[in-house]
Each structure stands twice: as C-alpha cells, then as structure tokens.
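Here is a short lesson on reading a structure. Take it one feature at a time.

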Amino acid sequence: MEKELRHLRKAMNSSTHKGVHFTELQKERVKAALMEEKNTVKRKSALSIYVTATLAASLFLLLFYNDFVTFNVTNNATTEKESQILANEWEIRNEYSQHGKVMFTVFPDPALSVGKPYGYLFSFKESFAAYNGKNLEIYATHQETGERIKVLSSEKITEPTPGYRSLERYTTSLTVPKSGRWKYEIYFDGALYGDVVLAVMENTFLPIDVPKFVHEEDFRKIDWNRKAVLIDHNILGNKNKSGVIGADMPSVNNGQKWLWHLWGAEPYSSLTVIGYHKNTETVHRILTTGWSLTLGGAANGAAATSPSSVSIPLSGEWAMLLYVNGELFDILVYEIHS
C-alpha cells in the first residue's frame with residue numbers, strides 16, 4: 001500500500017500537474033470570460049423579453065385601434081342617424097299616420113300665435129267606437145326649451161261631432177306661452193294616440209303684408225297728446241316736419257284726396273303710411289294704392305310733396321306713422337269723425 005502511494009505522488013509531480021498551473025493573468029481572463037458569458041445570457045434574456053413585450057404591445061394596439069375605429073365609425077353613424085331622426089321628429093306636420101293610415105289631421109287658426117287662445121279643428125279618422133267613452137287629453141312640448149304643458153284637460157267623449165258620424169270636426173281652443181315649434185300629443189284614456197308639430201308665431205297685431213321695416217316698438221312712440229295743428233296753406237300736421245291738405249275732410253270709407261307735405265325729405269323718396277286706430281288698437285293700410293308711394297317735388301314750402309287717395313276704415317283717433325325710405329320719419333295724430 002505504501003509503495004502504491006509513493007508511485008501516485010511521483011505521478012502528480014510530473015510536468016502535467018507540477019508547479020503553478022494558472023497565473024494571475026490567466027485567472028483574470030477566465031473570470032472575464034465567465035462574466036462575459038453570463039452577461040451575454042442576461043442580454044439575450046432581456047432582449048427576448050423586450051422583443052416579446054413590444055410584439056405583444058403592438059398586437060394589443062392594433063386590435064384596440066381596429067376596435068376604436070370600428071366603434072367611432074359605428075358611433076358616428078349612429079349619432080348622425082339619431083340626429084336625422086330627431087330633426088325629422090320636429091318637422092312641421094299637421095297630420096299623424098300609423099302603418100300608412102292617416103289617424104287624424106289638425107287645422108289651427110291661420111293667425112295662431114302665443115299667449116292667446118286660438119281655435120283648433122281636429123279631424124279624427126276612425127269610427128266613433130274607437131273614441132266613445134274615452135277621456136281625451138292634449139299635451140304640448142316646446143322644441144327649444146323642452147317645456148311640456150297640458151293644453152287640454154281631460155274631456156270625456158260621449159257623442160260624435162254634430163252632423164257627423166264620428167269626430168271629423170272636433171274643435172277646441174288651446175293656448176301656448178312661447179313662439180316656435182310645438183309638438184301636440186293626443187291621448188285617449190292615458191294612452192298616446194298620436195302627435196303633430198305646429199309652428200306658433202309671436203303675437204303681433206301687424207298685418208301679414210306690412211313692410212318689414214315696420215316694427216311694433218314704433219307704435220310705442222305715438223304721443224296722443226301731440227295733435228296735428230293747422231299750418232300755412234291749410235296743411236294739418238306737425239310744423240316744419242310733415243302735414244296733409246285734406247285731412248280735415250270726410251275720409252271714412254271714402255277715396256278722399258290727401259296731399260302729403262314733408263320737410264327735410266328728398267323728392268323721389270319712398271313714403272310709407274301706416275295707420276293705427278287708437279280705440280281698436282289695430283293697424284290699417286290707409287293709401288288706396290298700397291302701403292307706399294313716391295314723393296314728388298317741393299310745394300307750399302315743403303321740400304317734397306305727393307298727392308294720394310286714402311280711405312279710413314273707422315272714425316276716431318288715428319296715428320299716421322310716416323316712413324321715408326324705410327326709416328320712421330314722423331307721426332301725425334288726427335281725429336277723424338266722418
């Protein structure tokens with residue numbers, strides 16, 4: 001045994017294993033190589049994670065973008081469709097149809113406006129059995145404000161329109177407080193029967209064909225105490241402003257000749273005359289040829305004059321609003337008795 005150990009030590013001391021086998025430089029190189037291999041593995045792992053994460057994020061964004069685009073296209077289409085439906089819902093219509101069949105039509109007063117009761121004629125198309133014994137109610141909704149009011153309280157239907165078999169000419173009086181578009185909803189026994197959309201005008205006493213430059217506030221400028229006075233040449237009016245020859249003559253329902261005189265107006269200007277009757281608070285056309293005429297040259301000290309034919313519909317106190325080229329020029333106040 002001892003002999004075998006000696007041979008082993010001798011073999012270990014041979015050139016292969018004898019002495020220092022790794023110098024310090026070799027050790028550092030080995031360490032460096034090991035560290036480089038370790039870092040390479042780490043870099044490969046980090047790069048793999050980064051690439052995988054990037055691909056996953058890109059895939060997510062792609063899918064999200066497609067869904068987002070699809071959602072927006074669909075949502076925009078839906079919004080446009082809803083807007084169109086809403087716009088159509090408020091189109092002016094005086095007729096309600098269901099499944100292609102007209103259920104009723106409404107005919108309001110042509111002068112329908114706010115703040116006053118106006119007549120409405122409803123023509124219901126079904127047989128009287130469809131309405132007999134039911135309670136009729138009408139609600140109105142204002143488009144602009146969304147205000148909803150009951151314009152007709154519950155009324156029980158017990159008989160047809162006189163002279164008709166059903167409710168072909170059901171009439172009622174309704175009032176709404178604002179101008180604009182109103183949706184009138186018809187209910188029988190609490191169930192919506194149908195609706196119509198009507199335009200309600202501002203309440204005005206001006207005739208429909210009056211010139212556009214005439215405004216209601218102009219009539220608030222009337223001073224009933226400022227009566228027309230007699231000026232030179234039998235002119236009755238406001239001195240140095242305007243007046244008429246013939247205003248003291250009978251003019252009620254008569255084509256009386258009036259000669260207009262205006263100071264401060266140019267010849268060939270347009271003169272518009274608007275008559276306002278104090279007692280009835282109504283506006284009338286005074287000139288028999290229309291609302292306006294063309295002024296001629298100077299006469300009787302006035303810068304512009306023009307003859308005309310007038311017809312006054314009522315006796316009483318009148319204010320004549322004079323407009324020159326669309327601008328309020330003067331107001332003449334006359335007492336016309338015959």
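**Reading a predicted model**

A: Start with one residue. S309 is found in strand 16, residues 304–310. Keep in mind that this is a predicted model.

Q: Is S309 buried or exposed?

A: Look at relative accessibility. Buried means under 20%. S309 has 17% relative accessibility, so S309 counts as buried.

Q: Which residues is S309 in contact with, leaving aside its neighbours within four places in sequence?

A: There are six names to find. G255, Q256 and K257 are among them. I286, L287 and T288 are also in contact with S309.

Q: Now a sheet. In what order do the four strands of the open sheet stand?

A: Read across the sheet, from strand to strand. The order is 5-4-7-8, and the pairing is antiparallel. Strand 5 (148–156) and strand 8 (191–200) stand at the edges. Each has a single partner strand, so one side of each is left without a neighbour in the sheet. From one strand to the next, the twist averages 20°.

Q: How many bridges pair strand 4 with strand 7?

A: Strand 4 (residues 135–142) pairs with strand 7 (residues 180–188) over seven bridges, in the antiparallel sense. Take T141: its bridge partner in strand 7 is K183.

Q: Last, pockets. What volume does the largest pocket have, and how many residues line it?

A: The volume of the largest pocket is about 380 Å³. Its lining has 17 residues. E202, T204, F205, L206 and P207 lie nearest the centre.

Q: What is the lining of the largest pocket like by class?

A: Count each class. The lining has 10 nonpolar, three polar and four charged residues.

Key. Residues numbered from 1 in each chain as written. Predicted model: local features only at pLDDT ≥ 70, side-chain atom pairs only at ≥ 80, totals over all residues. Heavy atoms only, no water. 1 Å grid on protein atoms, 1.4 Å probe; cavity = no way out; pocket = protein on both sides within 12 Å on 5 of 7 lines; lining within 4 Å. Points joined across faces, edges and corners; volume = space filled by probe spheres on them. Nonpolar A, V, L, I, M, F, W, Y, C, P; charged D, E, K, R; others polar. Pairing = 2+ DSSP bridges. Helix = DSSP H or I, 4+ residues; strand = E, 2+ residues; numbered from the N terminus. Axes fitted to C-alpha atoms, helices over the stretch in contact; angles between N-to-C directions. Buried < 20%, exposed > 50% of the residue type's maximum accessible area, 1.4 Å probe, protein only. Contact = heavy atoms within 4.5 Å.
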